[in-house]
Amino acid sequence: MKPEPQRPQPAFPPELAAFLQNLRTAAAETPLPELPPGALREVTAADDLAAVFAERARAAGCQVQVATAADWPVCVRALLAGHQIESLLLVPDDTTALSVVAADQLALTLAAVGVQTTRGQSDETLFEVGAALTGVHGAIAETGSLVWNASPLTARGATLMPPVHIALVRVDQLVPDTLDFFTPLRQGACLPAAWHIISGPSKTADIEGILITGVHGPGTLHIILVQG
Amino acid sequence: MSGPASFRQRTTTAAADTRVIQAVKRAAWRKVDARAQSLGRMRHAEALREQAAEIRRHTLAHLPEYLERFARNIAARGAQVHFASDAAAATRIICDLARERGLQLAVKGKSMTSEEVRLNDALEAAGVRTVETDLGEFIVQLDHDRPSHIITPIIHKDRQQVARALARELGCEYTEDPAEMTRIARRHLREIFRRCDLGITGVNFAVAETGTLCLLTNEGNGRMTTTRPRVHVALLGIEKVVPRMADLAVLLKLIARSSTGQPLGSYTTFVQGPRGPHDPDGPEELHVVILDNGRSRILAGPHPEVLACIRCGACLNACPVYRNIGGHAYKSVYPGPIGSLLMPLLEPGAHTELSRASSLCGACELACPVKIPIPELLVRLRRDYHARQPLAKRLGFRLWGLAMQWAGLYRLGQKLLRRGLPHDDADWITHGPGPLADWTQCRDLPRPAARSFRQQWEEGLRDEA
């Protein structure tokens, strides 16, 4: 990733500085708990992470299947056929399971079966495309969650706006517990301007508590867990 | 008492609306069960609650430093930080931002803080069309209603009411199918998201060490609102800060489980700057409006613990009073047990009667992921309420207090009350005089016995036993 140009440093608002100066707290002193609170993990490295992840992701409403590095494209083709999807957004990023080379190869095979693929993440594409295929930047077994970082290669909306999202997750990307994911993110960690933890499809239970998927984001989230 | 109708009148009316109360009870019990099952499956639920409570207490004890660290860190990432001392300042800052940039169509993620400052009214008055994008809040807005639960805004509506609002306001075909209604809302809001230029969200947590905003939604309204518009404004209450990402993880493990029973909501969104120069999407400007609006007074006052709240809504679902009167009877932005604490503290002199909206059963404290001692705090607030009561009532309670301390006085009181109070044939006092009328209005009082238990005990009950 290219280093971003230095932004002009906005001044610290004087009203906030004055407020902070006068801010008094009457809350009783309590020491900050030790870091990391490892004893509070729900899932540890000793667990079968792939199995836990698959179970929790399904509980969150995802469709999960397991594939090898060689045969995941077959799974993708079957999913697209199953949803009768004719246009697919490919979002390759070499730090994920969907490398540029893999995306190129997949585009050729899909063209042969009449599925159009696109790489551009313009507004038009994001609003119109039938599905998106992406890798992920991390995954958490405890909650069956995916991590999605915004970057020049990966739009915030790529995993949000298409009605179907297919995500490739490498088994070696799994961390056991939410605590394992967050604890290393200390001061100075290189964090993107926006990132997301995705746990299942977009859903609501606002009307009489009835679960409906696909409110603003994808109504269907397929996860292909890639082994080896 | 505030408003034209007293709290007692409002609760009587609300409790009699069986259609609403049925809907509220069904939804609340479902969430109580979901929470219990979800936490019940955890290995360390109680240890996590203790840790979460310590994190929140520590943060409040050091709020000035953590808030400053957060503000400096997110400003260093290119966000513009503003400070609003009250609701008027917050709405002015946001309306000015819109006016200076010529922004005309605002989309909102679900935010109770924006409800607190009445942001929608201010934006509409400034000529900015403002559209709620959380499905529940969208329906509330279409129906010119108010949310009645901090997590489930339309907990008081059934599907027919939602269907009527959609058909009337959007001109679509009438349907009572929740899936179809959701699709109608999605299509409508997609067009809004295509054209919007201002996005407004609240903030669930702000991490001091990294300068990160954290936002939780299930529908994706938080993601759309922080992705599509040119300008994103986040409204942040000063108490929402946490020290480190690891602390956030502890709170994230509890908040959705307490709220809906999910390990995590569908989307946990993290924002710490505007889009980079090569990013394909995202707002060009990020503004963080840090809101006080009475919180600093609470922090320095006798009940700072209230600010530990992370707004999961578990205490509302657990509360027998909330379940039997619904959220609107509270006539406050934040209803339920936490609202009964927060509102009188946020707006001194108002909402004092809410401290009585509790049976002090303690279910709220047991449900609270950060262990706020809600019943104890409500009792403390009742002192403020009591101080505003009529003299006769205050004197009555003073006498009661004295009688409880002096046995002789208690016995004398018993005799006087037995003689002096009007009662029916079955020895019930149904219409007490003076300040007692307030009590006997909703429950009968037994007439003091001719011989008290103590007397009976001394005169022979003891031998029988």
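A charge sits over a ring if NZ of Lys or CZ of Arg is within 6 Å of the ring centre and within 35 degrees of the ring normal. Keep that rule in mind for two arginines. B:Arg311 lies over the face of B:Tyr334, at 4.7 Å from the ring centre. B:Arg194 does this across chains: it lies over the face of A:Phe127, 4.3 Å from the ring centre.

A word on the source. This is a predicted model.

Chain B next. Its secondary structure comes to 22 helices and 12 strands. The C-alpha trace spans about 90 × 55 × 45 Å along its principal axes. Of the 465 residues in chain B, 59% are buried.

Now the sheet. Eight strands form it, and it is open, with mixed pairing. The order runs β8(A)-β5(A)-β6(A)-β9(A)-β9(B)-β6(B)-β5(B)-β8(B). Which strands stand at the edges? They are β8 of chain A, residues 174-175, and β8 of chain B, residues 241-242. Each has a single partner strand, so one side of each is left without a neighbour in the sheet.

Go to where the chains meet in that order. β9(A) and β9(B) run antiparallel, joined by five bridges. One residue pair to look at: A:Ala194 has B:Val271 as its bridge partner in β9(B).

Stay on β9 of chain A, residues 194-198. Is it buried or exposed? Five of its five residues are buried, so the strand is largely enclosed by the rest of the structure. In a regular strand the side chains alternate between the two faces of the sheet. Here A:Ala194, A:His196 and A:Ile198 point one way, while A:Trp195 and A:Ile197 point the other. β9(A) also pairs with β6 of chain A, residues 145-149: four bridges, antiparallel. There, A:Val147 has A:Ile197 as its bridge partner.

On the chain B side, β6 (residues 212-217) and β9 (residues 267-271) pair in the antiparallel sense over five bridges. B:Cys214 finds its bridge partner in B:Phe270 of β9(B).

That phenylalanine leads us to the aromatics. Ring pairs link B:Phe270 with A:Phe181, A:Phe182 and A:Trp195 into a cluster. Recall that A:Trp195 is one of the buried residues of β9(A).

How many aromatic pairs are there over all chains? The count comes to 10. Take B:Phe7 and B:Tyr330. Their ring centres are 6.2 Å apart and their planes stand at 50 degrees, so the pair is tilted. B:Phe7 lies in helix α1 of chain B, and B:Tyr330 in the loop between α15 and α16, so the pair ties together parts that are 323 residues apart in sequence. Both B:Phe7 and B:Tyr330 are buried.

Next, B:Phe453 and B:Trp457. The centres are 5.9 Å apart with planes at 25 degrees, so this pair is stacked. Both residues lie in helix α22 of chain B, residues 453-464, four residues apart, about one turn of the helix. B:Phe453 is exposed, with a relative accessible area of 56%. B:Trp457 counts as partly exposed, at 35%.

Last stop: the surface. B:Leu399, B:Leu402, B:Trp406, B:Leu409, B:Leu412 and B:Leu416 form a nonpolar patch. Together they have about 620 Å² of accessible area. Which helix supplies the largest share? That is α20(B), with three residues. Both α19 (391-405) and α20 (407-420) of chain B supply at least two residues each. B:Trp406 lies in the loop between these helices. Why does B:Trp406 count as exposed? Because its relative accessibility is 56%, and the cut-off for exposed is over 50%.

Key
Residues are numbered from 1 along each chain as its sequence is written. Chains are lettered from A and ligands numbered from 1 in the order in which they are written. This is a predicted model: local features need pLDDT of at least 70, side-chain atom pairs count only at pLDDT 80 or more; totals for chains, interfaces and linings use all residues. Side-chain values use heavy atoms; hydrogens and water are left out. Patches are made of residues with over 30% relative accessible area and no salt bridge: like charges are joined within 9 Å, nonpolar side chains (Val, Leu, Ile, Met, Phe, Trp, Tyr) within 5 Å. Accessible areas come from the Shrake-Rupley method with a 1.4 Å probe; for residues, only the protein chains shown count as cover. A salt bridge is a side-chain nitrogen of Lys or Arg within 4 Å of a carboxyl oxygen of Asp or Glu. Buried means under 20% relative accessible area, exposed over 50%, partly exposed in between (1.4 Å probe, protein chains only). Rings of Phe, Tyr and Trp (its six-membered ring) pair if their centres lie within 6.5 Å; planes under 30 degrees apart count as stacked, over 60 as edge-to-face and the rest as tilted. Two strands pair if DSSP finds at least two bridges between them.
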